[in-house]
Amino acid sequence: MKSISPLNRKIWFVYSILFLLVACTHLTPELAVRTKLFTLGHFKEAVQSNIVSSGADEQNHVQLYKVSPAPLFQDTQVALETYNVRQFLLFYYASYHGEV
């Protein structure tokens, strides 16, 4: 039986940690919205904002979530308040919805 080299073990360990990190940040709709805010560069809002469900969009099969206080988009000074949250298997993914 072929043994696994130490370098391959380290690579698989890093991949496993990255997968677990991504999986843990998409387990609930609120965490998915916080992750989206964090990746957009709104670090303070990702940690401190209140996120509440504001209903569902039946046509697109998504849940809508509102962030308050909403972060501002720097170029246009538009409040990024409402987000779509879709579920895929066990994970949730958020995207900006626009004005409601």
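This tour moves from the whole chain to its elements, its core and its aromatic pairs.

**The whole chain**

Begin with the complete model, which is predicted. The average pLDDT of the protein is 86, and 97% of the residues score at least 70. Colour the chain by confidence: the lowest mean, 84, belongs to β1, whereas the highest, 92, belongs to α2.

Next, colour by secondary structure. The protein has 3 helices and 4 strands, and from the N terminus on the order is α-α-α-β-β-β-β. Its radius of gyration is 17 Å, well over the 13 Å that the globule rule gives for 100 residues, so the protein is more spread out than a compact globule. Along the principal axes, the C-alpha atoms fill a box of roughly 60 × 30 × 20 Å.

Two further figures concern the whole protein. Of its 100 residues, 24% count as buried. Among contacts between residues at least 6 apart in sequence, 29% join residues at least 24 apart.

**Helix α1**

Select residues 6-24, which form helix α1, and display the side chains of Trp12 and Tyr15. The structure holds 3 aromatic pairs. One of them is formed by Trp12 and Tyr15, an edge-to-face arrangement with 6.2 Å centre to centre and 80° between the planes. These two residues of α1 are 3 residues apart, about one turn of the helix. An α-helix has 3.6 residues a turn, so residues three or four places apart point the same way. Are Trp12 and Tyr15 buried or exposed? Both Trp12 and Tyr15 are exposed.

**Helix α2**

Move to α2, residues 29-39. Which residues of α2 are buried? Select Pro29, Ala32, Val33, Thr35 and Leu37 to see them. What covers these buried residues includes α3 (43-48), β1, β2, β3 and β4 (91-96). Just after α2, pick Gly41, which takes a positive phi of about 100°.

**The nonpolar core**

Now select Ala32, Val33, Leu37, Ala46, Ile51, Tyr65, Val67, Leu80, Tyr83, Val85 and Ala94 together; these 11 residues make up the largest nonpolar core. At least two residues of this core come from each of α2, β2 (62-68) and β3 (82-88). Of the contributing elements, α2 gives the most, with 3 residues. In soluble globular proteins, nonpolar side chains tend to be buried together.

**The strands**

Display the backbone of β1 and β2. How many bridges join β1 to β2? The two strands run antiparallel and are joined by 6 bridges. In their hairpin, 4 residues lie between the strands, and His61 takes a positive phi near 60°.

Centre the view on Val52, which belongs to strand β1 (residues 50-57). Opposite Val52, in β2, stands Lys66. Leaving aside residues up to four places away in sequence, Val52 touches Leu64, Tyr65 and Lys66. With a relative accessibility of 40%, Val52 counts as partly exposed. Draw a distance from the C-alpha of Val52 to that of Asn84: the two residues are 12 Å apart in space and 32 residues apart in sequence.

Continue from β2 to β3. This pair is also antiparallel, with 4 bridges joining the strands. To locate one facing position, select Gln63 and, opposite it in β3, Val85.

**Tyr83 and its surroundings**

The last stop is Tyr83, a member of the largest nonpolar core. Why does Tyr83 count as buried? Its relative accessibility is 0%, and the cut-off for a buried residue is under 20%. Show the residues that Tyr83 touches, not counting those up to four places away in sequence: Val33, Lys36, Leu37, Leu40, Gln63, Leu64, Tyr65, Val67, Pro71, Ser95, Tyr96 and His97.

Keep Tyr96 selected from this list. Tyr96 is partly exposed, at 32% relative accessibility. Return to the aromatic pairs, beginning with the Trp12 and Tyr15 pair, whose members are both exposed. Tyr83 and Tyr96 form another edge-to-face pair, with 5.7 Å centre to centre and 70° between the planes. Tyr83 lies in strand β3 and Tyr96 in strand β4, so the pair ties together parts that are 13 residues apart in sequence.

How values were computed: Residues numbered from 1 in each chain as written. Heavy atoms only, no water. Core = buried A, V, L, I, M, F, W, Y, C linked by side-chain atoms within 4.5 Å. Buried < 20%, exposed > 50% of the residue type's maximum accessible area, 1.4 Å probe, protein only. Contact = heavy atoms within 4.5 Å. Pairing = 2+ DSSP bridges. pLDDT = per-residue confidence, 0-100. Phe/Tyr/Trp six-rings, centres within 6.5 Å; stacked < 30°, edge-to-face > 60°. Rg over C-alpha atoms; globule rule 2.2 N^0.38 Å.
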